[in-house]
Amino acid sequence: MKYISTRGHVEPKGFIDTVLMGLADDGGLMVPEQIPAVSAATLEEWRSLSYQELFLKIFSLYTNDEIPYEDLKELVATSYSTFRSPEVTPLHQVNDSLYVLELFHGPTFAFKDVALQFMGELYSYISRKRGEIIHILGATSGDTGAAAIQGVRGKEGIKICILHPHGKVSKVQELQMTTVDDSNVLNLSVHGNFDDCQKVIKDLFADLDFKGRYHLRAINSINFVRILAQTVYYFYAYLQVEGSAEKKINISVPSGNFGNIFSGYLAKQMGLPINKLIIATNENNILERFVNTGEYKPGNFKSTYSPSMDIQVASNFERYLYYLLGEDAEKLSGYMSKLQSEGKITVDGELLAQVQSDFDALGAKNQQCLDTIGKYKQEYDYLLDPHTACGIAAYEAFSGNGETTITFATAHPAKFDEAIQLIAIKQEFPAPIAALFEMPQHQTVVEHDKEVIIRELQAFYE
Ligand SMILES: *Cc1c(COP(=O)(O)O)cnc(C)c1O
């Protein structure tokens, strides 16, 4: 299978070249030329597989044998050996209609580890096999950076620079990134918000000369391998629910950059019979507004209790729009340039009806988020992190009678104790998190200025 750009101006690429390219050279996002289909019979055969075995089955549909099976198997085994649960992403039943898929058992206690532990191993493998220099550059609202740094710290042939918005990530997120003192890691703490950081990164990746000269590689969910790694737990979750073939299974996903939920869309296109895909956001509710009205228009940035979802420009939205427009790269390019020039995209009629059949969406309010955490602690003695709480609020809004919903727990509550404290719940920190508070920090604070950031990068990469 080959991979093409949503904007239509990149020669079809293989799997590894797609991973290395990250953002497509024409400014689009890479997608498979054809989405492979998984039949109901195959799905049933997969029911007994371990997480790692399921990963291998799914990836084998996409990698074109560019990575020999035994190598891939070893990469997967190493990637998930760092998880604290043997099931990697265990499923927790809360009540008759609700399960929570815990995606936070990796090294940095958020779902980003699931894809980035693998991506770190994969980059390292590519570096060894191809003699490639890998210079990772990324922006983070907190969790991606921490997970990416853990994925590659100390690995030979790889350097990583992560931009995060100064003072706008949680304390634990900041510590997870900045207490790493390996010499292949650079943390730039930028005065500005996440969208500012992401904008600089997008500009640098769009500068093909700069990207090539410095061997820049992406870890953001613009990279297709992250999307693919995340489809694995949609299959896994579905297959773990007893009798799922006879049930209506919804999946509710705390969303920001639209990466995680796009993986769900991909899984559904492959044939996973998900009933409703529910987009949960916070008061930065661009996706909720889009699903309800057809207008996709970045609004004013708001700081909320779920900072990893404080995002106005959802990078992966372009992938979905591409499929919504019938895989028409020209049409998609038209919409994207309209977004540039007019600051919004609008769909109506049949297209809007399609959007509304693909997704339900809720932007949980700040108070609703806290109330949900309090309610589930009291009723089920289960502590939600504020992102997961938005997912649960969306489950409550959209799960119909007799339906079963799997809500993704995208982070461990200890990562966001600032919010948990507001409702006077005292939690014990897991030992690896408690230990961070004693460690020295390493970061460079910079202005939100592209030239300043470029100088820091040149000094680090050269
Ligand atoms: C990154 C993140 C999200 C949002 O995921 P996207 O793939 O960007 O939509 C939600 N919750 C947590 C805890 C995160 O770290």
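The following paragraphs describe two sheets, two helices packed on them, one further helix and the surroundings of a ligand in a predicted model.

The six-stranded sheet is open, and its strands follow the order β3-β4-β14-β9-β10-β13 with mixed pairing. Its edges are formed by β3, which covers residues 91-95, and by β13, which covers residues 359-363; each of these has a single partner strand, so one side of each is left without a neighbour in the sheet. On average, and with direction ignored, neighbouring strands of this sheet are turned by 25 degrees against each other. Helix α11, formed by residues 259-270, packs on this sheet and touches β9, β10 (277-281), β13 and β14, while its direction makes about 175 degrees with that of β10.

Both senses of pairing can be followed in individual strand pairs of this sheet. Strand β9, residues 249-254, and strand β14, residues 404-409, are paired in the parallel sense over four bridges, and within this pair Ser252 stands opposite Thr407 of β14. In contrast to this parallel pair, β3 is joined to strand β4, residues 98-102, in the antiparallel sense over four bridges. His92 has Val100 in β4 as its bridge partner, and the two strands β3 and β4 form a hairpin in which two residues lie between them.

One residue of helix α11 may be considered in more detail, namely Leu266. With a relative accessibility of 1%, Leu266 counts as buried, because the limit for a buried residue is set at under 20%. When residues up to four places away in sequence are not counted, Leu266 touches Ile35, Tyr62, Phe224, Ile227, Leu228 and Thr231. Tyr234 is 32 residues from Leu266 in sequence, and the C-alpha atoms of these two residues are 9.8 Å apart in space.

The five-stranded sheet is likewise open, with the order β8-β5-β6-β7-β15, and its pairing is parallel. Here β8 (216-218) and β15 (444-446) stand at the edges, and each has a single partner strand, so that one side of each is left without a neighbour in the sheet. The average turn between neighbouring strands of this sheet, direction ignored, is 30 degrees. Within the sheet, strand β5 (residues 134-139) pairs with strand β6 (residues 158-165) in the parallel sense over six bridges, and Gly138 has Ile162 in β6 as its bridge partner. Helix α8, formed by residues 194-206, lies across β5, β6, β7 (185-190) and β8, and runs at about 145 degrees to β5.

Helix α17 consists of 13 residues, 386-398, and reaches 19 Å from its first C-alpha to its last, which is close to the 18 Å expected at 1.5 Å a residue. This helix is mostly covered, with ten of its 13 residues buried. The buried residues include Pro386, His387, Thr388, Ala389 and Cys390, together with Gly391, Ile392, Ala393, Ala394 and Tyr395.

The ligand is surrounded by 15 residues, of which Lys112, Asp143, Gly256, Asn257 and Asn260 come nearest. Several contacts with ligand oxygen atoms involve the protein backbone. For Asn257, a backbone N or O atom lies 2.8 Å from an oxygen atom of the ligand, and for Phe258 the corresponding distance from a backbone N or O atom to a ligand oxygen is 3.1 Å. A polar backbone atom of Asn260 is 2.9 Å from an oxygen atom of the ligand.

Notes. Residues numbered from 1 in each chain as written. Predicted model: local features only at pLDDT ≥ 70, side-chain atom pairs only at ≥ 80, totals over all residues. Heavy atoms only, no water. Pairing = 2+ DSSP bridges. Axes fitted to C-alpha atoms, helices over the stretch in contact; angles between N-to-C directions. Contact = heavy atoms within 4.5 Å. Expected span 1.5 Å × (residues − 1). Buried < 20%, exposed > 50% of the residue type's maximum accessible area, 1.4 Å probe, protein only. Near = heavy atom within 4 Å. Polar contact = N/O pair within 3.5 Å; in protein donor to acceptor, adjacent residues only side chain to side chain.
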